[in-house]
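Biologist: I would like to go through this structure with you. Shall we take it step by step, with short answers?

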Amino acid sequence: GFVQLICDKLSPVFKGKLSTHRGFVTKVFDPYHEEFLISAKSDISESVIRHTIQKTMFTDRSVLGEGKTTTASKPQPEGKTAPKTATTTRTAKKPSGPRVPLKSKKKMNFTDSKMWETMMTSVRSDAQPNDWLVTRYVKKQQLQPVASGEGGWPALEKALREGDESGAIQFALLRVVDQIDNSATIKFVYFKVQPKSAKPMLKGFCNTDKGKIDALFAPYHVDFFINDPSEMSFSTIMDKVGSASGSKSHVKPTRQS
């Protein structure tokens with residue numbers, strides 16, 4: 001299990017830098033079976049980690065068919081005493097090597113799937129004015145489409161603040177324009193907002209469903225994991241987008257005499 005602990009006391013600037021290097025950090029710890037994103041040690045325990053991993057592992061001995069016993073005897077003619085029958089015990093071979101997790105067949109559900117499809121289609125289309133959407137994680141394996149609209153990061157930040165006040169875990173997508181030389185290219189930014197007031201059990205379920213949720217918002221160019229929308233700014237977002245695409249200049253100006 002890969003555990004990423006981002007303390008609430010960390011400064012927004014440091015959290016922004018950490019989000020920028022998240023891909024590099026995860027590759028260092030790869031491979032791992034499950035990822036847990038927490039803001040405090042109390043959000044997780046060894047039992048939670050074991051339970052999450054075991055749900056995707058072969059742990060039921062009955063599935064392996066171990067210890068099955070069969071008895072066979074030949075039929076005898078009338079008047080003759082049947083000899084003692086031989087008992088054969090067959091034990092299923094245990095798989096060698098480490099047991100690998102099964103790919104989960106369970107998918108995320110939506111409180112309103114039509115609304116979700118409409119929102120996502122609109123944000124993905126360059127011809128549509130809507131450039132952001134917000135969903136909430138309401139319970140295990142279920143998302144609630146909340147809103148979508150135009151107005152870029154300021155409008156998205158306002159929508160996220162409303163959910164943050166209620167302690168909701170939110171996932172959002174933002175469409176931005178990245179200027180590379182003389183060309184304007186479309187980029188997508190993915191956000192996970194997990195406020196300090198979110199319930200620990202909901203955080204645990206959300207960590208378990210993280211892979212399936214990420215897949216719903218893919219493809220995206222950069223992502224941010226934050227506790228509060230105030231940690232972000234449009235310049236911070238575009239700095240990361242520019243660093244990922246190469247449009248941001250990394251050349252420092254030299255002092256001229």
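Biologist: How many helices and strands does the protein chain have?
Modeller: Keep in mind that this is a predicted model. Both kinds of element occur in the protein chain. The count is eight helices and ten strands.

Biologist: What share of the residues of the protein chain counts as buried?
Modeller: A residue is buried when its relative accessible area is under 20%. The chain has 257 residues to test. The share that counts as buried is 36%.

Biologist: How much area does the protein chain expose, and what part of it do carbon and sulfur atoms supply?
Modeller: The exposed area is about 16400 Å². Carbon and sulfur atoms supply a part of that area. Their part is 54%.

Biologist: Among contacts between residues at least 6 apart in sequence, what percentage joins residues at least 24 apart?
Modeller: Take the contacts in the protein chain between residues at least 6 apart in sequence. Then keep those that join residues at least 24 apart. That gives 65%.

Biologist: Is Leu156 buried or exposed?
Modeller: Leu156 sits in helix α6, which covers residues 152-165. Outside its close sequence neighbours, Leu156 is in contact with Trp132, Leu133, Val134, Ala172, Leu174 and Phe191. Its relative accessible area is 0%. The cut-off is under 20%, so Leu156 is buried.

Biologist: What distance separates the C-alpha atoms of Leu156 and Trp132?
Modeller: Trp132 is one of the contacts of Leu156. Along the chain, the two residues are 24 residues apart. Their C-alpha atoms are separated by 6.4 Å.

Biologist: Let us turn to a pocket. What is the volume of the second largest pocket?
Modeller: Twelve residues line this pocket. Those closest to its centre are Val48, His51, Met201, Gly204 and Phe205. The volume is about 230 Å³.

Biologist: Which helix gives the most to the lining of the second largest pocket?
Modeller: Two helices, α3 (46-54) and α7 (200-217), each supply at least two residues of the lining. The one that gives the most supplies five residues. That helix is α7.

Biologist: How many nonpolar, polar and charged residues are in that lining?
Modeller: The lining of the second largest pocket mixes three classes. Charged residues number three. The others are four nonpolar and five polar.

Biologist: Where does the second largest pocket lie?
Modeller: Look at which domains give residues to the lining. Both do so, and therefore the pocket lies between domain 1 (2-56) and domain 2 (109-245).

Biologist: Is Lys210 buried or exposed?
Modeller: Lys210 is in helix α7. Its relative accessible area is 11%. Buried means under 20%, so Lys210 is buried.

Biologist: How far apart in space are Arg50 and Gly1, C-alpha to C-alpha?
Modeller: Arg50 is in helix α3, and is partly exposed at 48% relative accessible area. In sequence, Arg50 and Gly1 are 49 residues apart. In space, they are 8.6 Å apart.

Biologist: Which peptide bond is cis?
Modeller: Most peptide bonds are trans. Here one has omega near 0°. Its proline, Pro219, is in the loop between α7 and β10 (222-226). The bond runs from Ala218 to Pro219.

Biologist: What is the phi of Gln141 near?
Modeller: Gln141 is in the loop between β6 (132-139) and β7 (142-149). Most residues other than glycine have a negative phi. Gln141 has a positive value, near 60°.

Conventions. Residues numbered from 1 in each chain as written. Predicted model: local features only at pLDDT ≥ 70, side-chain atom pairs only at ≥ 80, totals over all residues. Heavy atoms only, no water. 1 Å grid on protein atoms, 1.4 Å probe; cavity = no way out; pocket = protein on both sides within 12 Å on 5 of 7 lines; lining within 4 Å. Points joined across faces, edges and corners; volume = space filled by probe spheres on them. Helix = DSSP H or I, 4+ residues; strand = E, 2+ residues; numbered from the N terminus. Nonpolar A, V, L, I, M, F, W, Y, C, P; charged D, E, K, R; others polar. Domains from an automatic or database assignment. Buried < 20%, exposed > 50% of the residue type's maximum accessible area, 1.4 Å probe, protein only. Contact = heavy atoms within 4.5 Å. Areas by Shrake-Rupley, 256 points an atom, 1.4 Å probe, with all protein chains shown as cover. Lists of a residue's contacts leave out its neighbours within four places in sequence.
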